[in-house]
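Please look through the sequence and the model together before reading on. The paragraphs below go from the chain as a whole to its sheets, and then to single strands and residue pairs.

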Amino acid sequence: MTPDATLGHALALARSPRTPARATPPPRRPYPWTGTPLALPATAPDPDGPVDLDHLLRHSLRARPGTGGRLRPTASAGALHPVRAHLLIGSGCTLPPGRYAYDAEVHRVFRRGPAPRGAAPGVIAVLTATAARTAAHYGHRAWPLLLLDTGHAAAALALAPQGPGVRVSLDADAATLAAAAGLPPADRWQRIRPGTETEHPLAAVQVTPRRAQRTAPALDRWAALPLPHRTRTPTRPPARPCGTGRLLELLGAATGTEPAWHSVRRPATVTGRALLERRSADPATLGHPPDGETVARLLHTAVTAWPGGPAWCAAVATPAPALLAPGHHTATPYRLARGDARPSLAHWAAGQLWLADTGAALLAHGCPSDAPASQIRHDHLAAGFAAGTAHAHAAAEGINARPVGSWQQADLSAALGDTPGQDWVLHGLALGAAR
């Protein structure tokens, strides 16, 4: 079976009403990248200075103090934290150049090797996903959630810098990303690092110092370096193969001709404080509808967050129940369909009945049933990225919001009377009124 056929079958299964078979969660393995933990130097805010890695990671991926290790509001909603970051640091950063692994729970980095000659200034964060814990909880629905969660993590990193100079790639080849980060390829991971869980690279974020000339990421220079030596021999037995991991391996290899790097700017109202205070809101706080202008602004943010990503619409209850499509540029949204879509959303979103009474919901939709593997990867990562960006914007405006990642039978094209299977709900962001 070809990768497109394999992933098409897996996508149909993930969208089906079949209940996942829950498995016993695997034991939590210790953080695999060890050595001497290095603190991230704290510096005075200076947008024209070097890339402040402490600020970057503190405002994006760091575990929140006092939350029991909770990292960030994510699509998986299970607090399973499958996404890790590997840092490729060139000149112009608050750490010396080299390869590093970042441990979000202790907010420390571990140096894993030198930087190559000609490394681009700034930092490239390679984002990897591990599958076992999410697969044990969500079964055959796990892998789309892992893509959405990686998109959220990429958005968090892209929004955290204090100045311009941020670019993101959601379609770089996993083999190149793994080699650049000093990671074994997925098919050789257990032979090289037995006892640790395979990490699947899916996205990358580049942050360049303001005063440095923006250059190509030069991943090939990093990839030419040898694999670092292990700093510890794991004592646990090898991790069991995971079917979800195999799907991530196929998705990582599903790329276009050349990886695209897109420039990112965060919404003007999003501040560092808003990023730190952003949370997945309790459904009980989402019952009052936001005003129409707020919905229009957040819908515009979602639509424009990632070029060429899936389409977005908004299900609203006031002033009249309707499904709204974004207007051209910043124009007022227009009515796509009459009626209250929220009860259908509650049924489609794994039976989360509270959605029937939520104030409003932004919906990413696209990725037809016969989409090739590259589009499946791109649409889900881009949906997570856009939802993460809109969530940060909502937090900045005092709007309660909650990502909704799991969708079954959510065939929007069929519901609107069009050809079935052409337009599926991929992701959602439930909204309440301003706090």
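What radius of gyration does the protein chain have, and what would a compact globule with 435 residues have? The model is a predicted one, and in it the protein chain has a radius of gyration of 21 Å, which agrees with the value near 22 Å that a compact globule of 435 residues would have. Taken along the principal axes, the box that the C-alpha atoms fill is roughly 60 × 50 × 45 Å. Of the 435 residues, 56% count as buried, while the chain exposes about 17,900 Å², with carbon and sulfur atoms supplying 54% of that area. Among contacts with a separation of 6 or more, 80% are accounted for by residues that are 24 or more positions apart.

The secondary structure of the protein chain consists of 13 helices and 14 strands. Strands of a sheet pair through backbone hydrogen bonds, either parallel or antiparallel. Eight strands form an open sheet with antiparallel pairing, and their order across this sheet is β1-β4-β3-β2-β5-β7-β6-β8. Its edges are β1 (37–38) and β8 (262–264), each of which pairs on one side only.

Within this sheet, β3 (residues 98–103) repays a closer look, as it is mostly covered, with six of its six residues buried. In a regular strand the side chains alternate between the two faces of the sheet. In β3, Gly98, Tyr100 and Tyr102 point one way, whereas Arg99, Ala101 and Asp103 point the other way, and all of these are buried.

Which strands pair with β3, and over how many bridges? Strand β2 (residues 83–89) pairs with β3 in the antiparallel sense over five bridges, and five bridges also join β3 to the antiparallel strand β4 (residues 108–113). Tyr100 can serve as a reference point here, since Leu87 stands opposite Tyr100, and Arg111 in β4 is the bridge partner of Tyr100 as well. For Tyr102, the bridge partner in β4 is Val109. The strands β3 and β4 form a hairpin with four residues between them, and in the turn His107 has a positive phi of about 55°.

Two helices can be placed relative to this sheet. Helix α5 (residues 174–181) lies across β2, β3, β4, β5 (123–129) and β7 (200–207), and runs at about 65° to β7. Helix α8 (residues 243–252) lies across β5 and β7, running at about 50° to β7.

A further open sheet is formed by six strands in the order β11-β10-β9-β12-β14-β13, again with antiparallel pairing. The edge strands of this sheet are β11 (334–338) and β13 (399–404), each pairing on one side only, and the twist from one strand to the next averages 25°. How is the edge strand β13 joined to β14, and what stands opposite Ala401? Five bridges join β13 to β14 (residues 424–434), and these two strands run antiparallel. Ala401 stands opposite Leu431 in β14.

Methods: Residues are numbered from 1 along each chain as its sequence is written. This is a predicted model: local features need pLDDT of at least 70, side-chain atom pairs count only at pLDDT 80 or more; totals for chains, interfaces and linings use all residues. Side-chain values use heavy atoms; hydrogens and water are left out. Two strands pair if DSSP finds at least two bridges between them. Axes are lines fitted to C-alpha atoms, for helices over the stretch in contact, and angles run from 0 to 180 degrees between N-to-C directions. Buried means under 20% relative accessible area, exposed over 50%, partly exposed in between (1.4 Å probe, protein chains only). The radius of gyration is taken over C-alpha atoms; the globule rule is 2.2 Å times the number of residues to the power 0.38. Contact means heavy atoms within 4.5 Å. Accessible areas come from the Shrake-Rupley method with a 1.4 Å probe; for residues, only the protein chains shown count as cover.
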